[in-house]
Amino acid sequence: MNEATVAFLRHTYKEHYFRQSDAIEFPDQIQSREFGYIPFGGGMVRHLSFRSSGEAIAEILRQAPSSVYASNARYSDPTLPMEEKGWLGAELIFDIDATDIPTLCKKSHDIWYCDKCHASGRLPKPATCPKCKGSTVEFHGTCAVCLQASKEHTLRVIDFLTRDFGVSPGDIRANFSGNRGYHLHVYDRRFDQLDQTGRAELADYMLALSLPPSQSLASLLRRRPAARSATDYGWMKRITSYTQARSDYRGTLQKLVSEAVSTQRALIDASVTTDIHRVFRLAGTLHGNTGMAKMKVTSFEQFDPERDPVVLGPERVMLKTSFCPKLSIKGETFGPFKAETVSVPTYAAISILTRGFGEVA
Ligand SMILES: [Zn+2]
Ligand SMILES: [Zn+2]
């Protein structure tokens, strides 16, 4: 990334924050949170702390960074090294991303490419480029199918939280990640002190890691599904309702139960839920690789992940691309580009530049 490109990116993000700083959502107890950011062309800066949202906004405007993060945990002193921060508690978090959901369309938009000669191909990525032995990089594209899948799995998590764990819907804050998924923050105080093992258990439950049940347990469940027992809630209810509704099913019971599990499990990233020292992109800020906003979702029915998070303008920018795979933004397709000069809207230019596929011309 050359200096002119870094300057353009900083300028674009700064302009955006200058106009839209009201959209940034800060967690409560701001003084107890750890903040961090990644400058364009630089490495992560962590262990920061702010006394107020005004102080944080001033710093965001000054730095115009590529990404801004805050912890879900609260600490006695967020600026100290991790072991000395004094962990006070943390909201429960779920990360749902198209990367973790095996959609069939991936083979059409996920590729590997060579850093050096720009050879490319379908995943899995070879260790070195078969043409020039250069290093290879994975590129994960996105599409309407992937975005719909991550929305559906997010709704499954909300369903587990509200129906199986009694979380009030008002305590769940949902955000589009700014790329291909969603983050859920759960402000239910019962989970605040939960350690990593407890959080892992919740993640395992949603992923159905110990399911499907054995053949014998499955037939037992099917035999007496109406009894008021363990089958009346949670996974057992989910499985019995599913198998009962399919009384015409001709295949084996094992297969039917597997289907009941695979169509209802939520493919979350468990490592995010279990890590209690993580920082998360701040809602209302721009994603460092896409230029799209991480934003609050109030209605999943109305939210359009292809258009709503595209908050940067349509002003055209001239770019010199080196190599750029096909990108889908705001329902439009950009690329694939070879070594050429192209004119694209600002919201697409950001995606190309931040991923290192070109420089400003
Ligand atoms: Zn190569
Ligand atoms: Zn897709």
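**Exercise 1. Decide whether Cys 114 is buried or exposed.**

Solution. Cys 114 has 0% relative accessibility. Buried means under 20% relative accessible area, so Cys 114 counts as buried. Keep in mind, as you work through these exercises, that the model is predicted.

**Exercise 2. Find out how many disulfides the structure has, and look at Cys 324 as a test case.**

Solution. Start with the idea: a disulfide is a covalent bond between the sulfur atoms of two cysteines. To count here, two cysteine sulfur atoms must lie within 2.5 Å. Searching the whole structure gives zero disulfides. For Cys 324, the nearest cysteine sulfur belongs to Cys 114 and is 16 Å away, and Cys 324 is in no disulfide. Now check its surroundings: Cys 324 has a relative accessible area of 1%, so it is buried.

**Exercise 3. Work out which residues hold the zinc ion (ligand 1), and what arrangement they make.**

Solution.
- Step one, the donors. The SG atoms of Cys 114, Cys 117, Cys 129 and Cys 132 coordinate the zinc ion (ligand 1) at 2.2 to 2.3 Å.
- Step two, the angles. The four donor atoms around this ion subtend angles of 102 to 115°. Four donors count as tetrahedral if all angles lie between 85 and 135 degrees, so the arrangement is tetrahedral. For comparison, the ideal angle for four tetrahedral donors is 109.5 degrees.
- Step three, the sequence. Along the chain, the donors of the zinc ion (ligand 1) follow the spacing C-x2-C-x11-C-x2-C. Cys 114, in strand S7 (residues 110–114), and Cys 132, in the loop between strand S8 (120–122) and S9, are 18 residues apart, and this pair links distant parts of the chain.
- Step four, accessibility. Cys 132 is partly exposed, at 26% relative accessibility, while Cys 114 is buried at 0%.

**Exercise 4. Repeat the analysis for the zinc ion (ligand 2).**

Solution.
- Step one, the donors. The protein donors of the zinc ion (ligand 2) are the SG atoms of Cys 105, Cys 143 and Cys 146, together with NE2 of His 109, and they lie 2.1 to 2.3 Å from the ion.
- Step two, the angles. Here the four donor atoms subtend angles of 99 to 125°, so this arrangement is tetrahedral.
- Step three, the sequence. The donor residues of the zinc ion (ligand 2) are spaced C-x3-H-x33-C-x2-C. His 109 belongs to helix H3 (residues 106–109) and Cys 146 to helix H4; they are 37 residues apart, and the pair links distant parts of the chain.
- Step four, accessibility. His 109 is buried, with a relative accessible area of 9%. Cys 146 is buried too, at 0% relative accessibility.

**Exercise 5. Describe the enclosed spaces: how many cavities of 30 Å³ or more are there, and what lines the largest cavity?**

Solution. The count is three cavities of 30 Å³ or more. The largest cavity has a volume of about 220 Å³. It is lined by 22 residues, and Thr 142, Met 292, Ser 328, Ile 329 and Ser 351 are the closest to its centre. Two or more lining residues come from each of strand S9 (136–140), helix H4 (144–164), strand S15 (327–329) and helix H10 (346–354). S15 gives the largest share, three residues. Sorted by class, this lining has 10 nonpolar, eight polar and four charged residues.

The second largest cavity holds about 170 Å³ of space. Among its 17 lining residues, Glu 25, Pro 27, His 185, Tyr 187 and Leu 282 lie nearest its centre.

**Exercise 6. Now turn to the open spaces: describe the largest pocket and the second largest pocket.**

Solution. The largest pocket has about 640 Å³ of space. Asp 97, Asn 179, Arg 281, His 287 and Asn 289 are the closest to its centre, out of 25 lining residues. S9 gives the most to this lining, with four residues. By class, the lining has eight nonpolar, eight polar and nine charged residues.

The second largest pocket has about 260 Å³ of space. Its lining consists of 15 residues, with Glu 201, Tyr 205, Ser 210, Leu 211 and Trp 235 nearest the centre. Helix H5 (196–207) and helix H7 (234–245) each supply at least two lining residues, and H5 has the largest share, five. This lining divides into 10 nonpolar, three polar and two charged residues.

Note on methods. Residues are numbered from 1 along each chain as its sequence is written. Chains are lettered from A and ligands numbered from 1 in the order in which they are written. This is a predicted model: local features need pLDDT of at least 70, side-chain atom pairs count only at pLDDT 80 or more; totals for chains, interfaces and linings use all residues. Side-chain values use heavy atoms; hydrogens and water are left out. Buried means under 20% relative accessible area, exposed over 50%, partly exposed in between (1.4 Å probe, protein chains only). On a 1 Å grid over the protein atoms alone, a cavity is a set of points where a 1.4 Å probe fits but cannot get out, and a pocket is an open set with protein on both sides within 12 Å along at least five of seven lines; lining residues have an atom within 4 Å of a point. Grid points are joined across faces, edges and corners, and a volume is the space filled by probe spheres set on the points. Ala, Val, Leu, Ile, Met, Phe, Trp, Tyr, Cys and Pro count as nonpolar, Asp, Glu, Lys and Arg as charged, and the others, Gly among them, as polar. Donors are N, O and S atoms within 2.8 Å of the metal (3.2 Å for Na, K and Ca); water is not among the atoms, so sites may look incomplete. Four donors count as tetrahedral if all angles lie between 85 and 135 degrees; four count as square planar and six as octahedral if opposite donors are over 155 degrees apart and all others between 65 and 115; anything else is irregular.
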